[in-house]
2 protein chains.
Amino acid sequence: MSEADFIARLRGIATDPAARGLADDAAVLGDLVLTHDMIVEGVHFLPDDTPQDVAWKLVAVNMSDLAAKGAEPIGVLVGYSLGDDAWNAAFADGLDLALRRFGALLIGGDTVRVPDGAPRSFGLTAIGRAPDGGVPSRGGMRPGDQLWVTGTIGNAGLGLAMRLGQLAANETCLAAYGRPQPQLTFGRAVAPHVHAMMDISDGLLIDARRMADASGCQVAVMLEAMPLSAALLAVRPDVLDTRIAAATAGDDYQLLFAAGAEAAPEIRAIASALDVAVTPVGHAVVGEGIVLTHHAQRIVPPERLGFTH
Amino acid sequence: MSEADFIARLRGIATDPAARGLADDAAVLGDLVLTHDMIVEGVHFLPDDTPQDVAWKLVAVNMSDLAAKGAEPIGVLVGYSLGDDAWNAAFADGLDLALRRFGALLIGGDTVRVPDGAPRSFGLTAIGRAPDGGVPSRGGMRPGDQLWVTGTIGNAGLGLAMRLGQLAANETCLAAYGRPQPQLTFGRAVAPHVHAMMDISDGLLIDARRMADASGCQVAVMLEAMPLSAALLAVRPDVLDTRIAAATAGDDYQLLFAAGAEAAPEIRAIASALDVAVTPVGHAVVGEGIVLTHHAQRIVPPERLGFTH
């Protein structure tokens, strides 16, 4: 049973509405939103990432799922694989810092020891309070909707390349990789105005494609509209390859959302009040899959739309 | 930072009442009970355990924590490390079976790939509905209370030895190791009548000691009273060493609870109605730690009271 078949099988088990068909970022149980993400050494983080950064990432990736559902963090349960004494101490510092930053309480979890030398896995379950007006799903995008992103895209991917020594480092990109900032406040504020929302964890293109698939429509992305940071443009020219790389790199933890054109003024007002950049990068049409353009030129989508595992 | 220091540090972070000082089997959030346990290949299960048994164990260990809090299962989020195709398919079967058996819904989770050849970790967060009369903690045992256990003790430990080929196999012990049966129905029924309750996951002695520590009193365990199964006594003589081995073996997932002597008739009536064996195995006194006797002879507690990790 391939991974796709496995997940399809799980969807067959997860028939309760709370599960949202396992096709969303989070489950919705009454007025609670619950999400669980794992990170694995050598897959989701580097063996020499600092323990503080690993703790931050573990919390942040789950907080980003809550942000995408407009939820307010309540608490977390942590599954922790013990390291050496210094690692444990530094991880605890990072966990404390991240939980304070995002306003989430540590309420439980488990501590295990993995066999010597084995890569370690960490899990975190985050529980949040659902927004009053209902929890936006991935699947609510409608033909005619505008597709928006928060912040800038591609910094974290460059940050990873810098961490791997493939590129001269700059602080903005390294921080985007090491300390992603989930858009909790904006997500909560914008939730009543969107038709669909999710976070960009695996890459703008793959996540936009997932939103299109869940919504039963086609999404058209204008690559030239995708917001790139000054830090990224300082090391990369603004050409198509740069934009494709940024759009498929993952780890940005910005929000991707679809809303009717009539909501645009309110969305811009919320973003402005919260000092969050928002940019329309495309729109939804009848059809399926993803269509890319670059300055009105049709672009064949790359085979790899983003990160899978 | 040693593991004990690490957990102490986490307790310093987990100051919210919902966390119960990280000293309980589960967190309590409003009318929900939440627990998260991880299991690691080569530590909590054998690399050649069947995927169905691994799935069952992952669900059952968490259901046992809900049972100990008198909670009714609602749903689970699963953190899954992908295996090969046959393993994934068999795990999905086992997960489906276990969730149906315990009345829990699959509502979410995450799927990851670990590096080739690395031991795999699985996490599960279980959410349950708290019992109406309040959630029993580990820390409510009072001097004078009777200490009770459900079922029999030591079958799973022998089952593990059988799985490892150290002993001729019998089905009862193998099943106790491979397919533990959390006492959900009994736990829910008895919760209003207990002062403290927890599940026996790491061994009767270590878990009784933890209850005593959390309650600020001493627990006295009469080893001769500890219920052993016919299957165990068929392969082991009823001598002190057998009883110490059973009491320190872990994986039984029976319930350990403390209640006032006046509750005994009601506890026996509930157990009888549900066809669950219950046995008083000791009592609580003023003091600290654990005291063991065998036919009124004081026994020095073994250095290793049970399984840690």
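**A two-chain model in questions**

Trainee: In helix 7 of chain B, which residues are buried?
Mentor: Helices here are DSSP runs of H or I with at least four residues, and strands are runs of E with at least two, both numbered from the N terminus. A residue counts as buried if 20 or more other C-beta atoms, placed from the backbone, lie within 10 Å of its own; it is exposed if 12 or fewer do, and partly exposed in between. The buried residues of helix 7 of chain B are Leu204(B), Leu205(B), Ile206(B), Asp207(B), Ala208(B), Arg209(B), Arg210(B), Met211(B), Ala212(B) and Ser215(B).

Trainee: What kind of model is this?
Mentor: Residues are numbered from 1 along each chain as its sequence is written, while chains are lettered from A and ligands numbered from 1 in the order in which they are written. Local features need pLDDT of at least 70, side-chain atom pairs need 80 or more, and totals for chains, interfaces and linings use all residues, for this is a predicted model.

Trainee: How many of the 12 residues in helix 7 of chain B are buried?
Mentor: The helix spans residues 204-215 and reaches 16 Å from its first C-alpha to its last. That is close to the 16 Å expected, taken as 1.5 Å times one less than the number of residues. The helix is mostly covered, and its buried residues number 10.

Trainee: Which residue just after helix 7 of chain B takes a positive phi?
Mentor: Strand 6 (146-150), strand 8 (218-222) and helix 9 (240-247) of chain B are among the elements that cover the buried residues of this helix. Just after the helix, phi becomes positive, at about 70 degrees, in Gly216(B).

Trainee: Is Tyr253(B) buried or exposed?
Mentor: Tyr253(B) has a positive phi of about 55 degrees although it is not a glycine. It sits in the loop between helix 9 and strand 9 of chain B. With 24 other C-beta atoms within 10 Å, Tyr253(B) is buried.

Trainee: And His295(A), buried or exposed?
Mentor: This residue also is no glycine, and its phi is near 50 degrees, a positive value. His295(A) belongs to the loop between strand 11 (289-294) and strand 12 (297-299) of chain A. It has 10 C-beta neighbours inside 10 Å, so His295(A) counts as exposed.

Trainee: How many residues from domain 2 of chain A does the contact take?
Mentor: An automatic or database domain assignment divides chain A into domain 1 (3-129) and domain 2 (146-299). Their C-alpha centres lie 22 Å apart. Two residues are in contact if their C-beta atoms, placed from the backbone, lie within 7 Å. Domain 1 of chain A gives 18 residues to the contact, and domain 2 of chain A gives 17.

Trainee: Which element gives the largest share of the side of domain 1 of chain A that touches domain 2 of chain A?
Mentor: Two elements give two or more residues to that side: strand 3 (72-81) and helix 2 (51-68) of chain A. The largest share is 11 residues, and it comes from helix 2 of chain A.

Trainee: Which element gives the largest share of the side of chain B that touches chain A?
Mentor: The contact takes 55 residues from chain B and 55 residues from chain A. Helix 1 (3-13), helix 3 (85-102) and strand 4 (105-112) are among the elements of chain B that give two or more residues. The largest share, 8 residues, comes from strand 4 of chain B.

Trainee: What relation links chain B and chain A?
Mentor: Copies are superposed by least squares on the C-alpha atoms of residues with pLDDT of at least 70 in both. Chain B can be laid on chain A with an RMSD of 0.0 Å, by a turn of 180 degrees and a shift of 0.0 Å along the axis. That is the relation of a two-fold axis.

Trainee: In chain B, which residue has the C-alpha nearest the axis?
Mentor: 100% of the interface residues of chain B are also interface residues in chain A, so the copies meet through the same surface. The C-alpha nearest the axis in chain B is 3.0 Å from it, and belongs to Ala118(B).

Trainee: Where does Cys217(A) lie?
Mentor: Cys217(A) is buried, with 23 other C-beta atoms within 10 Å. Beyond its neighbours within four places in sequence, its contacts include Met141(A), Pro143(A) and Val286(A). Cys217(A) lies in the loop between helix 7 (204-215) and strand 8 (218-222) of chain A.
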